[in-house]
Amino acid sequence: MLAARSFVQQAGVRMALPLSSYRSKHTLPDLPYDYNALEPVISAEIMQLHHSKHHATYVNNLNICEEKLQEAVAKNDVSSVIGLHGALKFNGGGHLNHSIFWQNLCPGGSGEPDGALM
């Protein structure tokens with residue numbers, strides 16, 4: 001296995017070893033509130049589905065993609081590495097966006113806006 005700071009060189013392309021080779025798997029973050037905390041605006045059922053199914057799918061697929069990436073790098077398979085970029089961006093972005101989304105929701109509301117509204 002390559003060292004964490006090693007590079008793979010094939011067909012004139014130099015690639016850094018992916019982080020997945022020395023980092024733990026991504027996990028679904030716990031919500032900072034209960035599923036029913038946003039009712040009646042967003043139902044507990046929708047929150048549970050969106051978090052435990054939808055967001056979890058991004059996390060699971062990201063971990064699968066990173067495993068495939070690690071295998072491709074170990075085999076010096078540049079075509080597979082390049083082919084995984086779209087899935088890595090999609091699932092990584094979905095996981096990151098949802099992790100931010102959960103933090104931006106505010107149980108009980110955030111109050112009335114201040115200042116002029118356009």
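**Exercise 1. Find the residue just after H1 that takes a positive phi, and say what H1 itself looks like.**

Solution. Start at the end of the helix: just after H1, Asn-76 has a positive phi of about 60°. Keep in mind that we're working with a predicted model here.

Now walk back along the helix. H1 counts 31 residues, and its first and last C-alpha atoms are 44 Å apart. At 1.5 Å a residue you'd expect 45 Å, so the span comes out close to that.

Next, check for a bend. H1 has a kink of about 35°, centred on Ala-56. Thr-57 also sits in H1, and with 41% relative accessibility it counts as partly exposed. From Thr-57 to Leu-28 you cover 29 residues in sequence, while their C-alpha atoms lie 9.3 Å apart in space.

**Exercise 2. Compare the span of H2 with the one expected at 1.5 Å a residue, then work out where H2 is kinked and which of its residues are buried.**

Solution. First, the length: H2 has 27 residues, which should span 39 Å at 1.5 Å a residue. Its end C-alpha atoms are 38 Å apart, in agreement with that value.

Second, the bend: a kink of about 30° is centred on His-85.

Third, the burial. The cut-off you need is under 20% relative accessible area. Buried residues of H2 include Val-78, Asn-91, Gly-92, Gly-94 and Trp-102. His-95, His-98 and Ser-99 are also among them.

**Exercise 3. List the members of the largest nonpolar core and say which elements give two or more residues to it.**

Solution. Begin with the list: eight residues make up this core, namely Leu-62, Cys-65, Leu-69, Ala-72, Val-73, Val-81, Leu-84 and Leu-88. Then sort them by element: H1 and H2 each give two or more residues. H1 provides the largest share, with five.

Pick one member for a closer look. Cys-65 counts as buried, at 8% relative accessibility. Cys-106, by contrast, is partly exposed at 41%. And if you go hunting for disulfides, the structure has zero.

**Exercise 4. Describe the aromatic pair that Tyr-58 forms, and say which parts of the chain it ties together.**

Solution. The search turns up two aromatic pairs. One of them joins Tyr-58 to Phe-90: the centres are 5.5 Å apart, and the planes make an angle of 55°. Stacked pairs need planes under 30 degrees apart and edge-to-face pairs need over 60, so this pair lands in the tilted class.

Now place the two rings. Tyr-58 belongs to helix H1 and Phe-90 to helix H2 (residues 78–104), so the pair links parts that are 32 residues apart in sequence.

Finally, check accessibility. Tyr-58 is buried at 13% relative accessible area, whereas Phe-90 is exposed at 54%.

**Exercise 5. How many salt bridges does a search of the whole structure find, and which residues does Lys-25 tie together with its partner's helix?**

Solution. The whole-structure search gives one salt bridge. It runs between Lys-25 and Glu-67, with the closest N and O atoms 2.0 Å apart. The cut-off is 4 Å, so the pair qualifies.

Where do the two residues lie? Lys-25 is in the loop between strand E2 (13–16) and helix H1 (44–74), while Glu-67 is in helix H1, so the pair ties together parts that are 42 residues apart in sequence. As a last step, look at the helix end of the pair: Glu-67 is partly exposed, with a relative accessible area of 36%.

Notes:
Residues numbered from 1 in each chain as written. Predicted model: local features only at pLDDT ≥ 70, side-chain atom pairs only at ≥ 80, totals over all residues. Heavy atoms only, no water. Salt bridge = Lys/Arg side-chain N within 4 Å of Asp/Glu carboxyl O. Helix = DSSP H or I, 4+ residues; strand = E, 2+ residues; numbered from the N terminus. Buried < 20%, exposed > 50% of the residue type's maximum accessible area, 1.4 Å probe, protein only. Phe/Tyr/Trp six-rings, centres within 6.5 Å; stacked < 30°, edge-to-face > 60°. Disulfide = S-S within 2.5 Å. Bend = angle between axes of the 7 residues up to and from the residue. Core = buried A, V, L, I, M, F, W, Y, C linked by side-chain atoms within 4.5 Å.
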